[in-house]
Amino acid sequence: MPRYNKQDRFHQRAKDEQYAARSVYKLEEIDRRYDVIGRGDKIVDVGCAPGSWLQYLARAVGKKGCVVGYDLEPVTVNAGSNVRAFEANIEELDPERVLRELAELSAELRKKPAPASVPPSFGAHVFVSDMAPKLSGVRDADQAKQAELVGTALDLALAVLLEGGHFVAKMFQGRDTDPLLDRAKHAFEKVRFIKPEATREGSREVFIVALGLKARIQSPERPTRSE
């Protein structure tokens, strides 16, 4: 495998543009190609440290949008007033907490009181995940751990996304990706794989881009992404 050059052009560009990490350009390309992020969107970002995706999302959603992020590690970068980052294990996160914290931030930005409870009509427009496990160097084991993380992220995304919402997650190519792909195809209108240009040479890393969460029969009152 080619040696990874930490000082490549994406590293230098991130430094020049004051992003916390070069990985921001993976999300930027995904958004540019698939129009994932909209102005005013409410976003959930898991695996958000060191914070470059939060920085990009804060600017992409604008003043009327908001972003909540979660990671095991603290985020020290100041991504903007429309962003809140929390230390949390995604395996212990529940949808109610995520929606509550997203609703509280949204209300704060609109200078309104925090809701006593989150209304059934409230939800996120986009859910993104750049999570990855601590790598052991054992290919199949690392791929299986990553697939498990993506599965957990997908479970949470399906519980907090609005109808028509989008899901983006980092994956490692391997045999464990097929069940995840099948689940995504069942839940979303379109599913694509992309390997952004900023991905290091020789990496098995790809991103799943699932667009347009399908209507939920059990929640007919749930609003659409366009509302």
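This briefing walks through the cores, salt bridges, cysteines and main pocket of the structure shown above. Please keep in mind that the model is a predicted one. Two separate nonpolar cores stand out, the largest with 40 residues and a second with 29. The structure also holds nine salt bridges, zero disulfides and a largest pocket with about 1,200 Å³ of space. One residue to keep an eye on is K170, which takes part in a network of salt bridges and is also among the residues nearest the centre of the largest pocket.

**The nonpolar cores**

- In the largest core, the members that touch the most other members are V44, F127, F167 and F188. Helix α5, spanning residues 139–160, contributes the largest share of this core, with nine residues.
- F188 has a long list of partners once residues up to four places away in sequence are set aside. Among them are L154, L158 and L161, together with F167, A210, L211 and L213.
- The second core is separate from the largest one, and its 29 residues include Y25, V67, V126 and V128.
- V126 sits in strand β4, which covers residues 124–129. This valine counts as buried because its relative accessibility is 0%, below the 20% cut-off.
- How far apart are V126 and F167 in sequence and in space? They are separated by 41 residues in sequence, yet their C-alpha atoms are 5.9 Å apart.

**Helix α2**

- Helix α2 runs over residues 24–34 and is mostly covered, with eight of its eleven residues buried.
- The buried set is V24, Y25, K26, L27, E28, E29, I30 and D31. Y25 from this set is also a member of the second core, while K26 belongs to the salt-bridge network described below.
- Just after α2 comes D35, which takes a positive phi of about 55°.

**Cysteines**

- The structure holds zero disulfides.
- C48 counts as buried because its relative accessible area is 3%, and C66 is likewise buried, at 2%.

**Salt bridges**

- There are nine salt bridges in the structure, and a few are worth a closer look.
- R97 pairs with E101, their closest N and O atoms lying 3.1 Å apart. Both residues belong to helix α4 (residues 95–109), and because they are four residues apart there, about one helical turn separates them. As general background, an α-helix has 3.6 residues a turn, so residues three or four places apart point the same way.
- The two partners fall into separate accessibility classes: R97 is partly exposed at 23%, whereas E101 is buried at 11%.
- K170 meets D130 in a salt bridge with an N to O distance of 3.3 Å. K170 lies in strand β5 (residues 161–172) and D130 in the loop between β4 and α5, so this pair ties together parts that are 40 residues apart in sequence.
- K170 is buried, with 10% relative accessibility, and D130 is buried as well, with 14%.
- K170 also forms a salt bridge with E205, with closest N and O atoms 4.0 Å apart. Because E205 lies in strand β7 (residues 205–213) and K170 in β5, the pair ties together parts 35 residues apart in sequence.
- Are K170 and E205 buried or exposed? Both are buried.
- K26, D130, K170 and E205 are linked in a network of salt bridges.

**The largest pocket**

- About 1,200 Å³ of space lies in the largest pocket, and 41 residues line it.
- Which lining residues lie nearest the centre of the pocket? They are D130, M131, A132, P133 and K170. Two of these, D130 and K170, are the partners in the 3.3 Å salt bridge described above.
- Helix α3 (52–61), strand β2 (66–71), helix α5 and strand β5 each supply at least two residues of the lining. Of these, α5 gives the most, with three residues.

**The loop between β4 and α5**

- This loop holds D130 and also S136.
- S136 is partly exposed, having a relative accessible area of 44%, whereas D130 is buried.
- Beyond its neighbours within four places in sequence, S136 is in contact with A141 and D142.

Methods. Residues are numbered from 1 along each chain as its sequence is written. This is a predicted model: local features need pLDDT of at least 70, side-chain atom pairs count only at pLDDT 80 or more; totals for chains, interfaces and linings use all residues. Side-chain values use heavy atoms; hydrogens and water are left out. A nonpolar core is a set of buried Ala, Val, Leu, Ile, Met, Phe, Trp, Tyr and Cys residues joined through side-chain atoms within 4.5 Å. Buried means under 20% relative accessible area, exposed over 50%, partly exposed in between (1.4 Å probe, protein chains only). Contact means heavy atoms within 4.5 Å. A disulfide is a pair of cysteine sulfur atoms within 2.5 Å. A salt bridge is a side-chain nitrogen of Lys or Arg within 4 Å of a carboxyl oxygen of Asp or Glu. On a 1 Å grid over the protein atoms alone, a cavity is a set of points where a 1.4 Å probe fits but cannot get out, and a pocket is an open set with protein on both sides within 12 Å along at least five of seven lines; lining residues have an atom within 4 Å of a point. Grid points are joined across faces, edges and corners, and a volume is the space filled by probe spheres set on the points.
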